[in-house]
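User: I would like to learn how to read the local features of a protein model. Please take them one at a time, with the general idea before the case.

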Amino acid sequence: MPHVMTFSHSYLENKDGILYIDGVSTTELAKTFDTPLYVLSENRIRENFRRLRSALLEHYEKIRIYYSAKANTSLAVLKILENEGSYLDAVSPGEVFLAFKAGFQPERILFTGTSVRDDELKFLIDSNVTINIDSLSQLKRLLKFHVPEKLSVRVNPEVGAGHHEHVITAGKNSKFGIWEADVLEAYRTAQNAGVKQFGIHMHIGSGILTIEPFLLAAKKLLKIAHEIHEKLGINFEFIDFGGGLGVPYKPNEKPLNIKEFAEKMLSLFKDRIKEYNLGEPFFCIEPGRFIVCDAGILLTRVNTLKVTPFKKFIGVDAGFNTLIRPAMYGSYHPIVVANRLNAPEEEVYDVAGPLCESGDILARNRLLPKISEGDLLAILNAGAYGFSMSSQYNSRPRCAEVLVKDGKCFLIRERESFEDLVRGQKIPQWLK
Ligand code: LLP
């Protein structure tokens, strides 16, 4: 039996051994735009957004999906989601700026920052976006400048989860959110200052593949919302359960069942808002990874093969400057040989980047076809936290990004040049 690689998603195709994404040949893309290269499928981004929306709408009408921009802030990606009717989760003034550039109206933006400076608060006030408060300090400083019409509070629901300890954003070690003991004071302070409309929010972590942590934390958040409603008479305009919906990366991981997620979360939500007399608030979630992760691949070219007494290394042109997840979290990303998909897997390699650090490894002990210099590797599931976490480390200009759709491609972000390495830099006169 010849070996023929297949993909579970239709936007990735094996055409005579060549990987195609959304109808475009990856070998042609690499030829046209060079490597390393991020490629994003527009159809898949839309599909991910739509299947999440329809799963939620099956159970409740008043829903909002806030795309968490940090996963991929490219303007074209933001524009696709703006077109789809998405809302947006921004965590920095820069993300608010980018969201405006992509056409998001301020009413559709929720800002959830931590360690927010006064000048940033002023920027947010001028921008007219809804602010989600992360600390009593932030609230008091905000109210000194301005009393907004609407405000939300990020609660630490004491339940955290995630694929790595760095991405668990609730619980006792977390810097995020306001603990239950202070939540009442936060709302009372805002109410006394004259805030009229309220939301309540949590975000427990990222890369969560089971529904239980969401349910546990949601129960806690709803209980706190009840307490606030009882004590202060606040009717919430929205209740936001954050992002964190995971995507499988490893072959043995199972996808989060999105229909079941929607069914269980919304049945809990509907029961509790009724029981607690909370009216009909919007049900909100803030997925980043779920929307863009599997829509993106990273193409990287093999330039070196090196055999040591212990290892076989494949040297490629993408390193942790391009995709930091393996180095930072030990993350696994599937890798295929894009120009020879049907070659049988028969060698174990470490896939190494060009940076001068031993941790610059994209994959360890990976079973792959026998590799030749010049082969094109595709690193899958690279659409979320790939480009957005890339850097110029080792003075390597950041790579380009291409959007593909139904056989068409478009360069949405140019490859940086050496000039970009010196942009904004100056040598003082006394050194000249
Ligand atoms: N909402 C808030 C307030 C967040 O901080 C985040 C992510 C999200 C939503 C979206 O989470 P998602 O649905 O994408 O899991 N760089 C890490 C992930 C860090 C996530 C930080 N916050 C990674 O590459 O795995």
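Analyst: What follows covers backbone geometry, a cavity, cysteines and aromatic rings in this predicted model.

User: Let us begin with the backbone. Which peptide bond is cis?

Analyst: As a general idea, most peptide bonds are trans. Here the bond from T35 to P36 is cis, with omega near -5°. P36 sits in the loop between α1 (26–33) and β4 (37–41).

User: How should I read the sign of phi?

Analyst: Most residues other than glycine have a negative phi. In this model N128 has a positive value, near 70°, and Y385 has a positive value as well, near 60°.

User: Where are N128 and Y385 found?

Analyst: N128 belongs to the loop between α5 (118–127) and β8 (130–133). Y385 belongs to the loop between β18 (376–379) and β19 (400–405).

User: Is N128 buried or exposed, and is Y385 buried or exposed?

Analyst: N128 has a relative accessible area of 59%, so it is exposed. Y385 has a relative accessible area of 14%, so it is buried.

User: Next, the interior. How many cavities of 30 Å³ or more does the structure hold?

Analyst: The idea is to look for enclosed space that a probe can fit into but not leave. There is one cavity of 30 Å³ or more. About 40 Å³ of space lies in the largest cavity.

User: Which elements supply at least two residues each to the lining of the largest cavity?

Analyst: They are β15 (335–337) and β17 (361–369). The largest share, three residues, comes from β15. Among the lining residues are H3, M5, I335, V336, V337, R340 and E345. By character, the lining divides into eight nonpolar, one polar and two charged residues.

User: Now the cysteines. How many disulfides are counted?

Analyst: A disulfide is a covalent bond between the sulfur atoms of two cysteines. The count here comes to zero disulfides. C293 is in no disulfide, and the nearest cysteine sulfur, that of C399, is 16 Å away.

User: Why is C356 not bonded to C399?

Analyst: The closest cysteine sulfur to that of C356 is in C399, and it is 19 Å away, so the distance is too far for a bond. The cut-off for a disulfide is a sulfur pair within 2.5 Å.

User: Are C293 and C356 buried or exposed?

Analyst: C293 is buried, at 0% relative accessibility. C356 is exposed, at 68% relative accessibility.

User: Last, the aromatic rings. How many aromatic pairs does a search of the whole structure find?

Analyst: A pair of aromatic rings is described by the distance of the centres and the angle of the planes. The search finds 10 aromatic pairs. In one of them, Y60 and F269 have ring centres 5.1 Å apart and planes at 80°, so this pair is edge-to-face. Y60 lies in the loop between α2 (42–57) and β5 (63–68) and F269 in helix α9 (residues 258–275), so the pair ties together parts 209 residues apart in sequence. Both Y60 and F269 are buried. Y60, F241, F269 and F283 form one aromatic cluster.

User: Which charged residues lie over the rings of Y20 and Y332?

Analyst: To read such a contact, look for the charged end of a lysine or arginine above the face of a ring. K15 lies over the face of Y20, at 4.4 Å from the ring centre. The charged end of R366 sits over the ring of Y332, 3.8 Å from its centre.

Key:
Residues numbered from 1 in each chain as written. Predicted model: local features only at pLDDT ≥ 70, side-chain atom pairs only at ≥ 80, totals over all residues. Heavy atoms only, no water. Helix = DSSP H or I, 4+ residues; strand = E, 2+ residues; numbered from the N terminus. Buried < 20%, exposed > 50% of the residue type's maximum accessible area, 1.4 Å probe, protein only. 1 Å grid on protein atoms, 1.4 Å probe; cavity = no way out; pocket = protein on both sides within 12 Å on 5 of 7 lines; lining within 4 Å. Points joined across faces, edges and corners; volume = space filled by probe spheres on them. Nonpolar A, V, L, I, M, F, W, Y, C, P; charged D, E, K, R; others polar. Phe/Tyr/Trp six-rings, centres within 6.5 Å; stacked < 30°, edge-to-face > 60°. Lys NZ or Arg CZ within 6 Å of the ring centre and 35° of its normal.
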